[in-house]
Amino acid sequence: MIQLSVSVNARRILCAIYLLLVAWFSLQPQATMPQDISDKLLHFVTYTGASLLWAFAAQSRRTVLLALPVLITYGVTLELAQGLTPDRFMSVGDALANSAGVCIGIGLFLPVQSSSTLRRLLALPHLFFAKG
């Protein structure tokens, strides 16, 4: 049986790459951004994803909770930086959508972290890749 597991370091690297991509897309000229998707929904989903990736990379509840101030500050900082780029502007609504996404992502993760459900979910891939 092949057991597929993702190391903590790999999860941290994935989270860092995701956050770098968020920054890159956030600071691109407006013309490269999708126009048919709700801007606030895009911000919300992006930061919910960031907080869930952070939580899966974390090894303790304290580190998971650290995502709240860190990712909210990250989102606000990127919004401020958008005000300094051509063709982009700072939006308080976007910053609020970012913050709400972080809070919801962490709120979704915390009940799972404290139970054995997370361990069972992370063990599922080996069922699909088992030899036999």
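Which residues have the most contacts inside the largest nonpolar core? In this predicted model, they are V64, L71 and I106. The sections below describe the chain as a whole, that core, the helices α2 and α3, and several individual residues.

## Overall organisation

The chain contains six helices and zero strands. In sequence order, its pattern is therefore written α-α-α-α-α-α. Of the 132 residues in the chain, 31% are buried.

The accessible surface of the chain amounts to about 8,300 Å², and carbon and sulfur atoms account for 71% of that surface. When contacts between residues at least 6 apart in sequence are considered, 79% of them join residues at least 24 apart.

## The nonpolar core

The largest nonpolar core comprises 17 residues. Four helices each supply at least two residues of this core: α1 (8-26), α2, α3 and α4 (92-113). Of the residues with the most contacts inside the core, V64 and L71 are also listed among the buried residues of α3.

## Helix α2 and residue S51

Helix α2 covers residues 39-57. Its 19 residues should span 27 Å at 1.5 Å a residue, and the C-alpha atoms at its ends are 27 Å apart, so the expected and computed spans agree. The buried residues of this helix are H43, Y47, T48, A50, S51, W54, A55 and A57.

S51, located in helix α2, has a relative accessible area of 0%. Because this value is under 20%, S51 counts as buried. Apart from its neighbours within four places in sequence, S51 is in contact with L71, G101, V102, G105 and I106. Two of these partners, L71 and I106, are named among the residues with the most contacts inside the largest nonpolar core.

## Helix α3 and its kink

Helix α3 runs over residues 61-82. At 1.5 Å a residue, its 22 residues should span 32 Å; the end C-alpha atoms are 32 Å apart, which agrees with that expectation. Within this helix there is a kink of about 25 degrees at L68, shortly before the proline P69.

The buried residues of α3 are V64, A67, L71, G75, L78, E79 and Q82. L80 also belongs to helix α3, but its relative accessibility is 48%, so L80 counts as partly exposed. The C-alpha atom of L80 is separated by 5.6 Å from that of M90, although the two residues are ten residues apart along the chain.

## The loop between α3 and α4

D87 is situated in the loop between α3 and α4. With a relative accessible area of 60%, D87 is exposed, because that value is over the 50% limit.

The backbone of D87 also merits attention. Most residues other than glycine have a negative phi. D87, which is not a glycine, has a positive phi of about 70 degrees.

## Cysteine residues

The structure holds zero disulfides. Two cysteines can be described by their accessibility. C15 has a relative accessible area of 7% and is therefore buried. C103, by contrast, has a relative accessible area of 41% and is partly exposed, because this value lies between the limits of 20% and 50%.

Note on methods. Residues numbered from 1 in each chain as written. Predicted model: local features only at pLDDT ≥ 70, side-chain atom pairs only at ≥ 80, totals over all residues. Heavy atoms only, no water. Expected span 1.5 Å × (residues − 1). Buried < 20%, exposed > 50% of the residue type's maximum accessible area, 1.4 Å probe, protein only. Bend = angle between axes of the 7 residues up to and from the residue. Core = buried A, V, L, I, M, F, W, Y, C linked by side-chain atoms within 4.5 Å. Disulfide = S-S within 2.5 Å. Contact = heavy atoms within 4.5 Å. Areas by Shrake-Rupley, 256 points an atom, 1.4 Å probe, with all protein chains shown as cover.
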